[in-house]
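Thank you all for coming. I would like to walk through one chain with you this morning, going from its sheets to its helices, so please keep the display in view while I talk.

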Amino acid sequence: MGAIIYTRQSLEKTGMEAGVSRQLKDCRALAKRKNFDVIAELSDNDISATTGVPRPSFEKLLRFVESGGADTVIVWHPDRLYRKLTDLVRITEVAQQHGLTIASVQAGDVDLNTPAGRMSASILGAVATHEGEHRTERQRAAYRQKAEAGEWHFSRRPFGYRREGGKVVQVPEEAEVLNTVLNMYYAEEVPRYAVMRYLNDRQILTPMGKPWGIIQVRDLLTNSHYAGISTYNGVEIGKGNWEPIVDAQTWHSWQSGAAKRKRKSTFTAAKHLLTGIARCAECDGVIYVKHRADKKLSYFCSEKGCVQRSMTPVDELVSEAVLLRLQDPAVVAAFRTQPAPTDHLYTERAAAQARLDDRAELIADGTLTAQAVREAAKPLRARIKRIDEQIASSDATDLIPMDLLTGDTRAKWAAYSLARKRAVIRTLMEVRIATQGNTRVFDGEAIILIWA
Ligand SMILES: [Zn+2]
């Protein structure tokens, strides 16, 4: 009959922990001393037995003993073999049927064939379990300490950052994307699903190399590490030692703004007349809004930053152009047959999305399992999909509301909601913002309107 050397390396590296090579060396020495015939050396590496992750070599070992191929297992310490009671139960069962002795470097021999042996094995196992739990606690304390010291601990790389020589550094292309989407979401109040679409339209992938889902986008937009804030279990604990995307002050004001927005639970597709409508005349990039230091707003090219223009004169110019255009009888005639506005669709969509978001939060705070929420979310998702399709098909033929074409057009336009104004602009024209020579004075010529 033969002996099997079994070694295992767990994740934690403490002073007391012997590495696999050290375990193996000691086990081989023990086998030699006791004249065991070693028929196999098995090892499970870097898998902690307390997590319940299967150990392939442990399974192989059981099969070895069951098939009558071995009667002795050599381990460094019994806790290498069974960290959990279920492991001990399994190995004891096998041992009783086939006869098995555990020889250990640290704790002597355990004969599982005798009641006394089994009892000492279970005591050793109990001690090992306790140590396993204790280590996890120690590990948690270590993580907390690291967070307090401003270290960003992550096992999966977050979007925008990576580890380089023990330091957390920005990934420049991703940091730029982050800056854009954080501003879209918080400063522009672009909804989450639109941020998701923005990322996926540009084929920007998650760090896992996949398209973005709404939950991942939420995690992305609410990760305070991007503001250089070190957290532990979601609680702010210190200042991070990595370069942030936004400053902490801006972040905090964004968070309180977002909380207010949520309470109102209203749909804010866009806060400005031309965001997402106007394009950069230089690179065709989408135009978004930049909040300048002097509290004024500018349109800017979100793609490459080619152009930047004060918002108010651009909005005025476009509004005047709309009103002029609507005085043209040919234009009026051309739009007579257009369908009804889509505002109600946006409202319906916002309501469905808000309910979906509420459910996601129930997972986050542990009220419901992810599975239960997924089930409950199905009809909501289907509904949002239907609304999106309706919006998409009506966007294509967009509309001039009939009442705008008669009577006091200017007064009616002024009273219109932003969403309706935007829909009208989309129907009538394309807006391009070009660079201008003298940037101090607004040049209307640099705003190019292309009539539909
Ligand atoms: Zn551009």
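**Sheets first, then helices**

Let me begin with the open sheet of 3 strands, whose order is β10-β14-β15 and whose pairing is mixed; strands here are DSSP runs of E with at least two residues, helices are runs of H or I with at least four residues, and both are numbered from the N terminus, while two strands count as paired if DSSP finds at least two bridges between them. The edges are taken by β10 (279-280) and β15 (447-451), each of which has a single partner strand, so one side of each is left without a neighbour in the sheet. Strand β14, residues 429-433, runs antiparallel to β15 and is joined to it by 5 bridges, with M429 standing opposite W451 in β15.

Before going further, I should say that this is a predicted model, in which local features need pLDDT of at least 70 and side-chain atom pairs count only at pLDDT 80 or more, whereas totals for chains, interfaces and linings use all residues. Residues are numbered from 1 along each chain as its sequence is written.

The second sheet is also open, with 5 strands in the order β2-β1-β3-β4-β5 and mixed pairing. Its edge strands are β2 (38-44) and β5 (108-111), each pairing on one side only. On average, neighbouring strands of this sheet are turned by 20° against each other, direction ignored. Strand β4, residues 101-104, pairs with β5 in the antiparallel sense over 4 bridges, and T101 stands opposite D111 in β5.

What packs on this sheet? Helix α1, residues 20-34, does so, touching β1 (2-8), β2, β3 (70-75) and β4, and its direction makes about 160° with that of β1; contact means that the C-beta atoms of two residues, placed from the backbone, lie within 7 Å, and axes are lines fitted to C-alpha atoms, for helices over the stretch in contact, with angles from 0 to 180 degrees between N-to-C directions. Helix α2, residues 56-66, lies across β1, β2 and β3 and runs at about 150° to β2.

There is also a hairpin formed by β6 and β7, with 2 residues between the strands, and G165 in the turn has a positive phi of about 55°. Strand β6 (residues 161-164) and strand β7 (residues 167-170) pair in the antiparallel sense over 4 bridges, with Y161 opposite Q170 in β7.

Turning to the helix pair, the axes of α9 (residues 311-325) and α14 (residues 418-428) come within 11 Å and cross at roughly 65°. That makes α9 roughly perpendicular to α14, a term that covers angles of 65 to 115 degrees. In this contact V318, V322 and R325 in α9 meet V424, I425 and L428 in α14.

One residue of helix α9 that I would single out is L317. L317 is partly exposed, with 15 other C-beta atoms within 10 Å; on this scale 20 or more would be buried, 12 or fewer exposed, and partly exposed lies in between. Leaving aside residues up to four places away in sequence, L317 touches G444 and I447. L317 and G444 are 127 residues apart in sequence, yet their C-alpha atoms are 7.4 Å apart in space.

Finally, for the chain as a whole, there are 14 helices and 15 strands, and buried residues make up 24% of its 452 residues.

Terms used. Parallel < 35°, antiparallel > 145°, perpendicular 65-115°, else oblique.
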